[in-house]
Amino acid sequence: MALSTEHLLNAGVMQGLLEADALEKLRLNARRTRSDLLEDVLAHCRFPLSVLYRAVAAQHGMDFIYPLSFPVPVDALKKLPRALVRKRQVLPLILNGEVLVATADPEDRATLDNVQRLLGARVRIALAEPATLEMAIDRALPEDYIAIQDGDAVALLDDVLKAAYLLHASDVHILPDEAGMRLRLRVDGVLQDYISPMAVGVAQASLVSRIKVLARLDISEQREAQDGGFSYHLAAPIDQDYNIRVATAPVRLGERITMRLLAGAQKKITLHEIGMSEMDLTMFRQVIRKPYGIILLTGPTGSGKSTTLYAALQEINTPDVNIMTVENPIEYVMEGVSQIQTGVKITFAEALRSFLRHDPDVLMVGEIRDEETADVALKAAMTGHLVFSTLHTNTTCGAVVRLVDIGCEPFLIGATLSAVIGQRLVRRLCPRCCKPREANAEELALLGCEHASVFDAVGCASCQGSGYRGRMGVFETLWLDDELLKLVSRGCTEEALESLAVRRKRMVSMWEDGARKVLSGLTTLEELQLVAMKREASLSTPELLG
């Protein structure tokens, strides 16, 4: 049987997931409004129900598992009466070659003792969430299970988006497979499967059609990729608006959908939260307050460039500054900012030219991808406007070469470029469970230290067992001064620009910025190695010129 609400909430308080005072306020509000206390707590704390079950598992000193991820030992299952398995929700599983028993109620000692007697051995007990355990039991005993064929695609979509909110997911993937449908959420940059009880009886094509209708896409077209979007409101107690970008694509077994989840206008983004070092943050705040020039952010899709741009615009967004943006799509709605979305009838370059007739102080171009857009952006920066934009390059110094390859004149780049910031995202260590230790010889060599401590990801209820909670940026920054701009104007190579920037201490490599965050206990060396490489040209202790 499932644990009671009070049992779960008390475990959450004991494990530090919820303050006792906050719980009491939520309890009083639930009584007043006659709402579900457990739902109110999950919405208030913004975590899924599984987090509270993890807290209970931690209290009892046992593992928390997702039973659908492990095989069922047939011989052990045959020893248990089917009625016992279903009524008491217990299921033998194999984990690392060992048989254990998953249960939804660790305090049902009579049932657990009976199970171990029937199995003829003392086995380890693990805790599982009731809904997923019931699905695992249905899969293990299919002859006793009658599938429901009238699933609701509307309810399933709401359940998936609610789970995405509680898990802080950035994307939802819906794809067909041999079993029918696979749901995946990208949480902190890592894809994970999502098992929804609501998915029983819902055809993948029905869910795809539901999303296509909301996104105003052609539901009859299944052989070509389509792009669209819609707004979605999650009902109380969550009470959250989402702007959702939708992309469809035909695949071997049908059609898949990817949804990018963008928070509504109420989300406030600050430069202090994006992960820049104090030194880089000081320099960045100086360049975004210049009266003119162009600031470029580089990096692959999903590296946080747009978030950094919006944070910078938010910082300088005052009533006396006229800010205008050209984007595709508009990811965050900013109050007091004129935002235009490009499309079939208007390009980046055309929108930018039009904006120049509206007396702007600051312009933001979502992406520079052709000569026409680059030329208009650079000339706008030369004629007294502060311009922000993004560019797809691997390094900051490579942005200059990329602009030249597009067709921009080196003298124009040298006359306007203020800064280039390369960015990637790494997962933050969970502050509740990360564990310090002495770095080994290989790690010391990579970090450039003789003695240092690093932190390992462990896993707890707060971080849902991953050892990480949230993400942060690691940055490669290039702050251009007169000497560097003169070199750029002469048409320099990427290597020459980087060499001079290093000598003049106007550049911090991405590896170095990440290494400092590893040594500060903010992330791990493994995370850093996924996004950056150590280069011989990187600095040891850069001191930027102000």
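Let me start with a pair of helices: the axes of helix α9, residues 153–166, and helix α10, residues 204–214, come within 9 Å and cross at roughly 75°. Since angles of 65 to 115 degrees count as roughly perpendicular, α9 and α10 are therefore roughly perpendicular to each other. On the α9 side the contact is made by Ala153, Val154, Leu156 and Leu157, and on the α10 side by Ser206, Leu207, Arg210, Ile211 and Leu214. I should say at this point that what we are looking at is a predicted model.

Next, the sheets. An open sheet of four strands follows the order β1-β4-β3-β2, and its pairing is mixed. Its edge strands are β1, at 63–64, and β2, at 90–95, each of which pairs on one side only. Within this sheet, strand β3, residues 98–103, and strand β4, residues 124–127, run parallel and are joined by four bridges, and valine 101 stands opposite isoleucine 125 in β4.

A second open sheet has eight strands in the order β13-β12-β14-β15-β11-β16-β19-β20, again with mixed pairing. β13, at 338–341, and β20, at 507–508, stand at the edges with a single partner strand each, so one side of each is left without a neighbour in the sheet. Helix α15 packs on this sheet, where it touches β11, β15, β16, β19 and β20, and the direction of α15 makes about 90° with that of β15. Still in the eight-stranded sheet, strand β16, residues 417–429, and strand β19, residues 468–479, pair in the antiparallel sense over ten bridges, with isoleucine 421 standing opposite threonine 477 in β19.

I would now like to turn to helix α14, which covers residues 371–382, has twelve residues, and reaches 16 Å from its first C-alpha to its last, close to the 16 Å expected at 1.5 Å a residue. What caps the N-terminal end of this helix? That is aspartate 370, a side-chain oxygen of which lies 3.3 Å from the backbone nitrogen of glutamate 372. After the helix comes glycine 384, whose phi is positive, near 95°.

The buried residues of α14 are Thr373, Ala374, Val376, Ala377, Leu378, Ala380 and Ala381. These buried residues pack against strands β11 (293–298), β14 (362–365) and β15 (386–391), and also against helices α13 (348–355), α15 (397–406) and α16 (410–416).

In the loop between β14 and α14 we find glutamate 367. Is this glutamate buried or exposed? With a relative accessible area of 17%, glutamate 367 is buried, because the cut-off for that word is under 20%. The side chains of glutamate 367 and histidine 392 are joined by a polar contact of 3.3 Å. Leaving aside neighbours within four places in sequence, glutamate 367 is in contact with Phe348, Thr373, Ser389, Thr390 and His392.

My last residue is leucine 313, in helix α12, residues 305–316, and this leucine is buried, with a relative accessible area of 0%. Not counting residues up to four places away in sequence, leucine 313 touches Ile323, Thr325, Met334, Val362, Met364 and Phe388. As for methionine 334, that residue and leucine 313 are 21 residues apart in sequence and 9.0 Å apart in space, C-alpha to C-alpha.

Technical notes:
Residues are numbered from 1 along each chain as its sequence is written. This is a predicted model: local features need pLDDT of at least 70, side-chain atom pairs count only at pLDDT 80 or more; totals for chains, interfaces and linings use all residues. Side-chain values use heavy atoms; hydrogens and water are left out. Helices (H or I, at least four residues) and strands (E, at least two) are DSSP runs, numbered from the N terminus. The expected span of a helix is 1.5 Å times one less than its number of residues. Buried means under 20% relative accessible area, exposed over 50%, partly exposed in between (1.4 Å probe, protein chains only). Contact means heavy atoms within 4.5 Å. A polar contact is a pair of N or O atoms within 3.5 Å; within protein, one must be able to donate a hydrogen and the other to accept it, and residues adjacent in sequence count only if both atoms are side-chain atoms. Two strands pair if DSSP finds at least two bridges between them. Axes are lines fitted to C-alpha atoms, for helices over the stretch in contact, and angles run from 0 to 180 degrees between N-to-C directions. Angles under 35 degrees count as roughly parallel, over 145 as roughly antiparallel, 65 to 115 as roughly perpendicular and the rest as oblique.
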